[in-house]
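User: Please examine the following assembly and answer a series of questions about its contacts with nucleic acid, its salt bridges and its symmetry.

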Protein chains: 4
Amino acid sequence: MSRDSKRIPSVVKNRQLVEKRRQQIIRGACDLFVRKGFHRTTTREIARECGLSIGTMYEYIQSKEDVLYLVCDHIHSELESRLKSALAETGSGREGLTKAIAQHFRVMAEMSDDVLLIYQETKSLPGEAMSYVLKKEEEITSLFEEILQRGIRDGTLTLDPSVVKLMAHNIMVLGQMWTFRRWALKGLYTLEEYTRHQTALLLNQCIHPKTGGK
Amino acid sequence: MSRDSKRIPSVVKNRQLVEKRRQQIIRGACDLFVRKGFHRTTTREIARECGLSIGTMYEYIQSKEDVLYLVCDHIHSELESRLKSALAETGSGREGLTKAIAQHFRVMAEMSDDVLLIYQETKSLPGEAMSYVLKKEEEITSLFEEILQRGIRDGTLTLDPSVVKLMAHNIMVLGQMWTFRRWALKGLYTLEEYTRHQTALLLNQCIHPKTGGK
Amino acid sequence: MSRDSKRIPSVVKNRQLVEKRRQQIIRGACDLFVRKGFHRTTTREIARECGLSIGTMYEYIQSKEDVLYLVCDHIHSELESRLKSALAETGSGREGLTKAIAQHFRVMAEMSDDVLLIYQETKSLPGEAMSYVLKKEEEITSLFEEILQRGIRDGTLTLDPSVVKLMAHNIMVLGQMWTFRRWALKGLYTLEEYTRHQTALLLNQCIHPKTGGK
Amino acid sequence: MSRDSKRIPSVVKNRQLVEKRRQQIIRGACDLFVRKGFHRTTTREIARECGLSIGTMYEYIQSKEDVLYLVCDHIHSELESRLKSALAETGSGREGLTKAIAQHFRVMAEMSDDVLLIYQETKSLPGEAMSYVLKKEEEITSLFEEILQRGIRDGTLTLDPSVVKLMAHNIMVLGQMWTFRRWALKGLYTLEEYTRHQTALLLNQCIHPKTGGK
DNA sequence: GATGAATGAGAATTCATTCAT
DNA sequence: TATGAATGAATTCTCATTCAT
């Protein structure tokens, strides 16, 4: 899934094994990072958690930061794939957007911890890896941009061209918001209510000001 | 300003001195945390940056985490005070909301680094301190809730009661978004454009669909 | 050539193969040891350099120190054989000594890196291996002793018997000196000049003090 | 004594204390390096040997290599100072040279282990430090050059100008030879015999061949 | 109150060697 | 015979915190 874990060199040459072991590492490390954060997690803990000896683990990575990169990359890939497959089943236009938002919010809720992790630890990645991760984020955002564009084209959504990108970002953020404001939101709304309200508000914005809002 | 730094015990008893030294610590540490993150900053660096010896610094705090708490508390207080004083000049209702949003966004942009810092390091706070910081965040959010309520009361804003709190959170998040998505947004919009568009979208939501759409 | 690599046990029994593989190991390791020193070279690097897998390499040695021993032994054997074949062509007496010195210095210059290696890493050999290597050094030294003795016998060299061994050692060291002082000597003399001067000085010593020096 | 240990930064600022602690470190490390070599000695062993905690030791150095530098620098300084003070008492010309050689050999014998250490571990120094150490070696060598020049000037030594530098290097090396060939020489000569013979041989060289050899 | 030297537990990473295939 | 993945003890270095002066 995360095709680009190839970027990280490993001592072990067997590609299949590398992929398998890295999945182990990702699984173990992700749990720990979510629970304790990247810096509070030691490499020995990661090794223990994923059932490898410390030496073996280091045959598959070069540094602790590599583990963070693997984890972030994995989460983004997972997000992207889930969202893409969700959007595939989605119709177009206004109705499609409604479904897409619901799927997005559902994915965010399901991967709440992981999303939070990305938001808090991405800055700990070394420069190049960070750029890569941000690019991934932008790709995902553009999925929503496309949906909006299709809606505009088929006339079910009315939106000024200059705010299409902004709306896409807004949708992304309102989804993520469920994870990083859950301490407040969970007491106020269920995910369903949250989704319903936000969707209504967002759709409200997709009516051209002149005909709708004025 | 940060009345609650009193929570943190200090060896030194002279209240005034404690306050002065802690301001030094906050200033130095904040810079460093923004640049390198909490975990990558050492206590020695903090001491050097704020012009105290490491021993002296420890007369005014009990642990490195205390410094993070002081910094987070300071940033929240600063945010709150700036926003409050900005809102004081603000009229009420629809127009007031417009101004409030603009002020909020301006404050976010000005304190961009600090806001980012809070979002990335709050989770490193020990339990109690974190609750305190989150409470502060909720207080600030409720400032917007009040504005919305006033607007509803004076009839310039139409909003279902069940989404008032949600709208307040949304406004908060759309402001913060300028800081944590600046890597993408800065290339698309100036702060002024961003503010204008988001305000338009938000106001668009404050008209009840049924009556407003007409 | 290095008959005594037999001392080191190997899992593989085929004598020929053992000899072939060990030559590979020596070649690869020698390069690396010269470049990085024994301790800074890893067994993995040695294996890679000599085209064997790490597992295979360990079929032919028992420990990393064995590799050092093989290398040191090889270098000494090479030195001895080159010097011996050079001395074979050499006449006797004063003239023979002159040629022998020139050959010795030439060999030292050609094997500069290897000689340096021996001087810096011999102490890393385990006790027994070190004794063996030192014995080899003594054997080579005695080649010069013999030349001197022959010169004394044929009357072309005049030298007090008590300093014959010393002179032999001196000749050895002045040759090696070209390698371990090259950082200074290369700036002062070419190898030819160096050889000419040292030879003159040495021959000057081979005149009995009573008749010559007084 | 080793004025240039200033080159190595230390966390501790008190110059006097730094000097004192570094003397401790040098003493302990030197012993260990002589016994086991640089690479086989651990930082913890060094710390224990010199009576500091590992943490404290690292307040006075930046890396293990710094310790090697301190040790090498110390040995060179010691050599230089001993030799200089020995040479001060020395007359000039032929007789002066005789005494200088004796002093030099005595110092070499006394500091046998240290000299050996330098010869075997200098290559482990990082580039700049190595250059510095080699410069020191050259300075010491030039002390002998001066003695030779004085002898030539006052007519008690006859030596072609082109071999003066070479002779100086030879004297240096013949002294060091007592340390790195002691495994062979100790069985053949006492230090006194060794000194007497080598001195005779060297002085023999300081008579111009044409006039002397007749 | 201020200082800064001392401490040592703990962290990341390496690497010689083994052994199942 | 050949391979290379697995191992974990050992190593260097860091850093929050303390405490004697």
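User: Which element gives the most to the surface near DNA strand E?

Analyst: This is a predicted model, in which local features need pLDDT of at least 70 and side-chain atom pairs count only at pLDDT 80 or more, while totals for chains, interfaces and linings use all residues. Residues are numbered from 1 along each chain as its sequence is written, chains are lettered from A and ligands numbered from 1 in the order in which they are written, and side-chain values use heavy atoms, with hydrogens and water left out. A residue is near a strand if one of its heavy atoms lies within 4 Å of it, and helices (H or I, at least four residues) are DSSP runs numbered from the N terminus. With four residues, the element that gives the most to the surface near DNA strand E is α3(B).

User: How many residues lie around DNA strand E, and which come nearest?

Analyst: By class, this surface has twelve nonpolar, 16 polar and ten charged residues. Here Ala, Val, Leu, Ile, Met, Phe, Trp, Tyr, Cys and Pro count as nonpolar, Asp, Glu, Lys and Arg as charged, and the others, Gly among them, as polar. Of the atoms of DNA strand E within 4 Å of the protein, 68% belong to sugar or phosphate and the rest to bases. Around DNA strand E there are 38 residues, and those that come nearest are A:Tyr58, B:Val12, B:Tyr60, D:Arg21 and D:Tyr60.

User: What is the distance from a phosphate oxygen of DNA strand E to an N or O atom in the side chain of D:Tyr60?

Analyst: A polar contact is a pair of N or O atoms within 3.5 Å; within protein, one must be able to donate a hydrogen and the other to accept it, and residues adjacent in sequence count only if both atoms are side-chain atoms. The backbone of C:Lys64 places an N or O atom 2.8 Å from a phosphate oxygen of DNA strand E, and the side chain of D:Arg21 has an N or O atom 2.4 Å from a phosphate oxygen of that strand. For the side chain of D:Tyr60, the distance is 2.3 Å.

User: Which residue has a polar backbone atom 3.0 Å from a base nitrogen of DNA strand F?

Analyst: Of the atoms of DNA strand F within 4 Å of the protein, 66% belong to sugar or phosphate and the rest to bases. Phosphate oxygens of this strand lie 3.5 Å from a polar side-chain atom of A:Ser53 and 2.9 Å from a backbone N or O atom of D:Lys64. The base nitrogen is approached by the backbone of C:Gly55.

User: Which element gives the most to the surface near DNA strand F?

Analyst: DNA strand F is surrounded by 38 residues, the closest being A:Arg21, A:Tyr60, B:Tyr58, C:Tyr60 and D:Tyr58. The surface has twelve nonpolar, 16 polar and ten charged residues. The top contributor, with four residues, is α3(C).

User: Which parts of chain D does the salt bridge between D:Arg35 and D:Glu49 tie together?

Analyst: A salt bridge is a side-chain nitrogen of Lys or Arg within 4 Å of a carboxyl oxygen of Asp or Glu, and the side chains of D:Arg35 and D:Glu49 meet in one at 3.5 Å, N to O. Because D:Arg35 lies in helix α1 (residues 15-36) and D:Glu49 in helix α2 (residues 43-49), the pair ties together parts that are 14 residues apart in sequence: helices α1 and α2 of chain D.

User: Is D:Glu80, which meets D:Lys84 in a salt bridge, buried or exposed?

Analyst: Buried means under 20% relative accessible area, exposed over 50%, and partly exposed in between (1.4 Å probe, protein chains only). The side chains of D:Glu80 and D:Lys84 meet at 3.6 Å, N to O, and the two residues, four apart in helix α4 (residues 64-88) of chain D, are separated by about one helical turn. D:Lys84 is partly exposed at 43%. With a relative accessible area of 8%, D:Glu80 is buried.

User: What kind of axis relates chain B to chain A?

Analyst: Superposition is by least squares on the C-alpha atoms of residues with pLDDT of at least 70 in both copies. Chain B is superposed on chain A by a rotation of 179° with 0.0 Å of shift along its axis, at an RMSD of 0.1 Å. The two copies are thus related as by a two-fold rotation axis.

User: How far apart are the nearest C-alpha atoms of chain B and chain C?

Analyst: Contact means heavy atoms within 4.5 Å. No contact joins chain A and chain D, whose closest C-alpha atoms lie 21 Å apart. Chain B and chain C do not touch either, and their nearest C-alpha atoms are separated by 30 Å.
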